[in-house]
Amino acid sequence: MKAWISLWICLLAPMALAEKNVSLVVDEVPVAQVLQSLAALEQRNLVVAPEVSGVISLHLQNLPWKQALQTVVNSAGLVLSQEGRVLYVHSQSWQKEKQAQREAESARQQLSAPLMGQSVPLEYADAAELAKAGEKLLSPRGSLTVDKRLNRLVIRDDKSHAQALMAWAKEMDLPVGQVELAAHIVTINEKSLRELGVKWSLAEAEGAVGSGKLTTLGSDLSVADAPTRVGFNIGHINGRLLELELSALEQKQKVDIIASPRLLASHLQPASIKQGSEIPYQVSSGESGATSVEFKEAVLGMEVTPTVLQNNRVRLKLRISENMPGQVLQQADGEVLAIDKQEIETQVEVKSGETLALGGIFSQKNKYARDSIPLLGDIPWLGQLFRHDGKDNERRELVVFITPRIVSVQ
C-alpha cells in the first residue's frame, strides 16, 4: 500500500498574529516523518528518539498547531517534553526507565546522606501514641525514640525525612477538647417533674413493633432524632437553676436525689463513675463439692464518652445503670441473690451548657400515713375510733439530668 501525506495551512487570522491552523491527512506514514513535517511548519527544533517507530493514519481538519502535534504524539503512545527551545519525543517505556533511574539515584543519595538528630517536645499529645503513627514517615535508616520522662520524640534520620516528621508532629500536637459533665440522678414523681419544666413524649416508631427501627420523640422540647432504646424518653428542660430546685423538692420529700456525680472527660475518651457495693455469693466447683466466693456488683454507675463538635456542641454516648439487690432464690446447693438491673443507654447531641433529661424507668413507692386526733388517737383499743391509717402508692420515675460544658484548654 502506498503511503502518502498531505499537509496544508489555513490562515484564519491576520499575519501579525501568526496564529496558524493545520489540516493533516496521512495514511500509514511513519510517525517520525509526520512529527518532522509538523515541526517544519512552525520552524521548531525537534528531536525524535531512535526508539520511536511505527506508522500512523490521521485526518485532522483546521486544528491549532500545538493541538495537532499533541494529537499525533498521543495517538502514537509517545511522550513529548521540552528543554529550552528544543522539543523531544520519546516512547513511554523510555520515560518509565528514566523515572526508575531518577528514583534509584534519589534512593542512593538518601542512603549516603548524613543522619541528623532532632528532638520534638510535645505539650498536649502523648509521645508514645504519636510515635506509633510517626514511624511510617521514617526512611529505612531512620529511628524514632520516645522519651516518656519529658514526653518528647527523639528523631534520627536524614534531613528531608527528619524535617517532614518534625512538621507533622507539631501539627498533631494540639490540645484535646475536654467536657465537664454535671449529673443528677433522682427519682421523682410526675407532678414534680412538670414543676421543673420537663415535658416529653415517646412517639410510635415507624413500622411494626419488633421491626428493629428506633423510636422518635414527639415533644417540642425533646432531642430530635435521638437514638434510644424503646421505652426511654429524652427531653430538654428550660434554663432554670436545676440544682437549687432539686434541693428544694428534696426538702419537701418530692424527689430523692440518688447521686450527683461530676466528671471531666476528654474528647472521644470514656469516663465512668460507680457507687455501691459488691455482694459475695458462693460458687460450686463441680463434683468435688468445694465452693468459692465470687462477687457481683450492685452499683449505680454512669459511663460517658463525649465528642466535641463544631459550633460549641457536644455529642454524648451515655450508659447509666442502677443495679440493686433483688430476691433471694433458693437453689439445690444454697441461696442465690438476684440483681435487679435498670439501664439507660443512648447517644445524643446537645449544646454546651444545655441540660438533658433522660427517663422512662418507673418504680412504685408505698407510703403509709396516719391521720389522728392528738392524744385520743394514741389510746389503746379506743384510739382506732379517732385515727385513720392509710396507704398511698406513689409512682416515681428514675430521671437523669446531665449538663455538659466544654472546657477550654489554654
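**Entry 1. The whole chain**

I count a residue as buried when its relative accessible area is under 20%, as exposed when it is over 50%, and as partly exposed in between. With that cut-off I looked up the overall burial of this predicted model, and found that buried residues make up 32% of the 410 residues in the protein. I then went through the secondary structure, which comes to 7 helices and 19 strands. For the contacts with a separation of 6 or more, I noted that 63% are accounted for by residues 24 or more positions apart.

**Entry 2. Helix 1 against helix 2**

I next turned to a pair of helices, since two packed helices are described by the angle between their axes and the distance between the axes. Helix 1, residues 31-42, packs against helix 2, residues 65-75, at an angle of about 165 degrees, and their axes are 10 Å apart. Angles over 145 degrees count as roughly antiparallel, and therefore I entered helix 1 and helix 2 as roughly antiparallel to each other. The crossing of helix 1 past helix 2 is left-handed.

Which residues make the contact? From helix 1 I wrote down Val 34, Leu 35, Leu 38, Ala 39, Leu 41 and Glu 42, and from helix 2 Trp 65, Ala 68, Leu 69, Val 72 and Val 73. Sorted by character, the residues of this contact are 10 nonpolar, no polar and 1 charged.

**Entry 3. Two residues with positive phi**

I looked up Glu 28, which has a positive phi of about 55 degrees although it is not a glycine, and I placed it in strand 2, residues 20-30. Glu 28 is partly exposed, because its relative accessible area of 37% falls in the range between 20% and 50%.

Asn 62 also has a positive phi, of about 55 degrees, and is likewise not a glycine. I found Asn 62 in strand 4, residues 55-64, and with a relative accessibility of 33% I entered Asn 62 as partly exposed.

**Entry 4. The open sheet 7-9-8 and its helices**

I traced an open sheet of 3 strands, whose order is 7-9-8 and whose pairing is antiparallel. Its edge strands are strand 7 (116-121) and strand 8 (143-147), each of which pairs on one side only. From one strand to the next the twist averages 20 degrees.

Strand 7 is joined to strand 9, residues 152-157, by 6 bridges in the antiparallel sense, and within this pairing I noted that the bridge partner of Val 120 is Leu 153 in strand 9. Helix 4, residues 127-134, packs on the sheet and touches strand 8 and strand 9, with a direction that makes about 170 degrees with that of strand 8. Helix 5, residues 159-172, lies across strand 7, strand 8 and strand 9, and runs at about 160 degrees to strand 9.

**Entry 5. Ala 125**

Is Ala 125 buried or exposed? I found Ala 125 in the loop between strand 7 and helix 4, and it counts as buried because its relative accessibility is 13%. Not counting residues up to four places away in sequence, Ala 125 touches Leu 130, Asn 151, Met 172 and Asp 173. I followed one of these further: Ala 125 and Met 172 are 47 residues apart in sequence, yet 7.3 Å apart in space from C-alpha to C-alpha.

**Entry 6. Strand 10 and its partners**

I looked up the burial of strand 10, residues 178-189, and found it mostly covered, with 10 of its 12 residues buried. Strand 10 is joined by 5 bridges to strand 13, residues 262-266, and the two run antiparallel; here the bridge partner of Glu 180 is Leu 264 in strand 13. Strand 10 also pairs with strand 12, residues 255-259, in the antiparallel sense over 4 bridges, and in that pairing I noted Ile 257 of strand 12 as the bridge partner of Val 186.

**Entry 7. Thr 307**

My last look-up was Thr 307, which lies in strand 15, residues 291-308. I entered Thr 307 as buried because its relative accessible area is 15%. What is Thr 307 in contact with, leaving aside its neighbours within four places in sequence? The residues I listed are His 267, Leu 268, Arg 313, Val 314 and Arg 315.

How values were computed: Residues numbered from 1 in each chain as written. Predicted model: local features only at pLDDT ≥ 70, side-chain atom pairs only at ≥ 80, totals over all residues. Heavy atoms only, no water. Buried < 20%, exposed > 50% of the residue type's maximum accessible area, 1.4 Å probe, protein only. Contact = heavy atoms within 4.5 Å. Axes fitted to C-alpha atoms, helices over the stretch in contact; angles between N-to-C directions. Parallel < 35°, antiparallel > 145°, perpendicular 65-115°, else oblique. Left-handed = near helix turned anticlockwise from the far one by under 90°. Nonpolar A, V, L, I, M, F, W, Y, C, P; charged D, E, K, R; others polar. Pairing = 2+ DSSP bridges.
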